[in-house]
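The following paragraphs lead through a protein model from one part of its surface to its interior and its charged pairs. Please keep the sequence and the coordinates in view while reading.

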Amino acid sequence: MIELNEDTLSKLPSKIATPSYDRTRLKRGIAHFGVGNFHRAHQAFYIDRCLALPDQQDWGIVGIGLSGGEPLTRDDLETIVGEAHTLGYYTNLITSGIGLTEERIKALKDAGLDHIQLSFQDSTREVNDFLSSTRTFELKSKVAALIKKYEYPMVLNVVLHRLNIDHVQEILEMAESMGAEYVELANTQYYGWAWHNRERLLPSREQLRRAEETTNRFRERVGSRMRVLFVVPDYFERRPKPCMNGLGSVFLTVTPDGTALPCHAAKSLPRLTFPNVKDASVEWIWRDSPAFNHYRGDSWMKEPCRSCPEKAKDFGGCRCQAYLLTGDPDNADPVCDLSPHHHLVTEMVDKASAPDAPSPVVEHPLIFRDRKNSRALSG
C-alpha cells in the first residue's frame with residue numbers, strides 16, 4: 001500500500017489521476033464559512049479540474065467551518081471575514097438567516113464578504129416553520145430581500161424530503177420571485193437527526209420522479225436566468241458517493257472541545273480515538289495520528305471493495321453510512337448495489353414507496369433536535 005501524501009503522488013499507479021499542476025504554486029482563493037454537509041468530495045473534484053486549466057492557480061480552496069449550527073451566532077464573524085478578505089480569500093456564508101440584520105449584513109459587506117447562501121425549508125410559512133421548529137419564514141424572506149439589496153448573488157438552499165418534495169414547483173416559483181440566481185434542491189442524506197427520522201422523511205420513488213420532472217421543466221422555462229441543482233438522495237443511487245474523497249484525504253474539522261475529525265459525523269464511528277488540538281499539533285494529527293490514517297489506502301477494505309476496480313473512485317463510499325446501516329464501518333456502503341447489504345437500502349425505499357405507506361406526520365411525529373431528545377438519544 002502506498003501512503004498518500006505529497007511525496008508519494010509521483011509513485012501512484014498511472015490509472016489513478018493526480019494533479020497535473022504544481023501544487024506548491026497554488027494560492028488559497030476560496031474560503032467557506034459554515035461548510036456543513038455541503039462540503040463534499042465533488043467540490044474537491046471540480047476545483048481540481050479548474051486548477052488544471054491555464055492561469056487558474058489562484059483558486060486553491062480552504063474550508064473554514066464555524067461549528068455550532070449558525071455562524072451568525074458568533075459576534076466576531078465580521079472580524080474573521082475581514083481577516084480572510086485581507087488574506088485574499090473568497091468568503092462564503094451559509095446561513096439560516098437568523099441573526100442577519102441590516103446592520104450585520106452591511107458590516108459583513110464592508111468586511112469583504114463575497115457570498116451568502118440562505119436556507120429555506122419550504123415555500124409556505126406553515127410548513128417552513130413546522131419543519132424548522134421555529135417561526136422564521138418571514139425573517140428568511142426579509143433576509144432574502146437584504147441579500148438582493150446589498151447586491152449579493154441570490155443563492156437559496158432547500159433540503160427536500162417526504163414532507164416537502166411535492167412542493168418543488170412552489171419552492172422554485174418562490175425562488176424565482178425572490179430573484180434567485182442559484183437554487184440547490186438538496187435531498188436529505190440520512191445521518192444525525194435525519195437518521196432518527198428516516199421513516200418519516202424518506203420520499204417514495206414516485207415522489208422523487210415527479211420532483212425531478214418538475215425541476216427539469218422549470219429549468220427549460222427559465223433557461224440561464226437561474227441555475228437549479230437537484231441532489232438525489234443516496235438511497236436512490238446504485239453507486240456510493242466518494243464521501244470526503246476518502247476519510248483523511250481532504251478534510252479536517254475541529255469541534256468546540258478541540259477534537260479533530262476527518263468528517264463532521266466521524267465521532268460516531270467505533271474503534272477510533274480521535275486526537276485533540278489541545279494535546280497535539282495539527283500537523284501530527286493530519287500526518288501521523290492513527291485515527292486520520294485508519295481509512296487511508298485500501299488495506300482496511302473488505303470485499304467486494306478491496307478487489308473492486310471502482311475503489312479508487314468511490315473509496316468504498318461513506319463510512320458513517322456503512323456503520324449506521326450495517327453496524328460495521330469497514331463494510332461496503334450499502335448504497336452500492338455490489339454490497340451484500342444493499343437490500344437494507346432497497347427495503348427502506350420499497351417501504352417508503354408502498355401504496356399503503358402511512359402518513360409520516362400522523363403515524364410517526366418527527367423527532368426534533370432539542371435538549372430533551374438529545375439527552376434521550378445519547379443514553
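V254 lies in strand β8, which spans residues 253–254. In this predicted model, V254 has a relative accessible area of 36% and is therefore partly exposed. Together with V277 and V282, V254 forms a nonpolar patch on the surface, and the accessible area of the three residues comes to about 200 Å².

That patch belongs to a protein chain whose accessible surface amounts to about 20200 Å², with 52% of this area contributed by carbon and sulfur atoms. The chain has 379 residues, of which 45% count as buried. Its secondary structure comprises 16 helices and nine strands. Among contacts with a separation of 6 or more, 66% involve residues 24 or more positions apart.

The interior may be approached through strand β5, residues 155–160. Five of the six residues of β5 are buried, so this strand is largely enclosed by the rest of the structure. Strand β4 (residues 115–120) pairs with β5 in the parallel sense over four bridges, and here L118 stands opposite L156 of β5. Strand β6 (residues 182–187) also pairs with β5 in the parallel sense, over six bridges. In this pairing, L160 stands opposite N187 of β6. Between β5 and β6 the chain passes through helix α6 (residues 168–177), and the resulting β-α-β crossover is right-handed.

Two helical residues add to the picture of the interior. A84, located in helix α2 (residues 77–86), has a relative accessible area of 4%, under the 20% limit, and is therefore buried. The C-alpha atom of A84 is separated by 8.4 Å from that of G112, although the two residues are 28 residues apart along the chain. N128 is located in helix α4, residues 125–132. With a relative accessibility of 0%, N128 likewise counts as buried. Leaving aside residues up to four places away in sequence, N128 touches F120, Q121, D122, T136, F137 and K140.

Charged side chains provide a further set of links. Side chains of opposite charge can pair when their charged atoms come close. The structure holds 25 salt bridges. One of them joins E181 and K148, with the closest N and O atoms 3.6 Å apart. Because E181 lies in the loop between α6 and β6 whereas K148 lies in helix α5 (residues 137–149), this pair ties together parts that are 33 residues apart in sequence. Both partners are partly exposed: E181 has a relative accessible area of 29%, and K148 has one of 34%.

A second salt bridge brings together the side chains of D337 and R239, at 2.3 Å from N to O. D337 is in the loop between α13 (319–326) and α14 (342–353), and R239 is in the loop between β7 (227–231) and β8, so the pair ties together parts that are 98 residues apart in sequence. D337 is partly exposed, with a relative accessible area of 25%, as is R239, at 28%.

A third pair consists of D298 and K311, whose closest N and O atoms are 2.7 Å apart. D298 is in the loop between α11 (290–293) and α12 (311–314), while K311 is in helix α12, 13 residues away. D298, at 25% relative accessibility, counts as partly exposed, and K311 is partly exposed with a relative accessible area of 23%. Beyond these pairs, D166, E206, R209, R210 and E213 are joined into one network by salt bridges that share partners.

How values were computed
Residues numbered from 1 in each chain as written. Predicted model: local features only at pLDDT ≥ 70, side-chain atom pairs only at ≥ 80, totals over all residues. Heavy atoms only, no water. Helix = DSSP H or I, 4+ residues; strand = E, 2+ residues; numbered from the N terminus. Buried < 20%, exposed > 50% of the residue type's maximum accessible area, 1.4 Å probe, protein only. Contact = heavy atoms within 4.5 Å. Areas by Shrake-Rupley, 256 points an atom, 1.4 Å probe, with all protein chains shown as cover. Pairing = 2+ DSSP bridges. Right-handed = clockwise from strand over helix to strand, strands pointing away. Patch = residues over 30% accessible without salt bridge, like charges linked within 9 Å, V, L, I, M, F, W, Y side chains within 5 Å. Salt bridge = Lys/Arg side-chain N within 4 Å of Asp/Glu carboxyl O.
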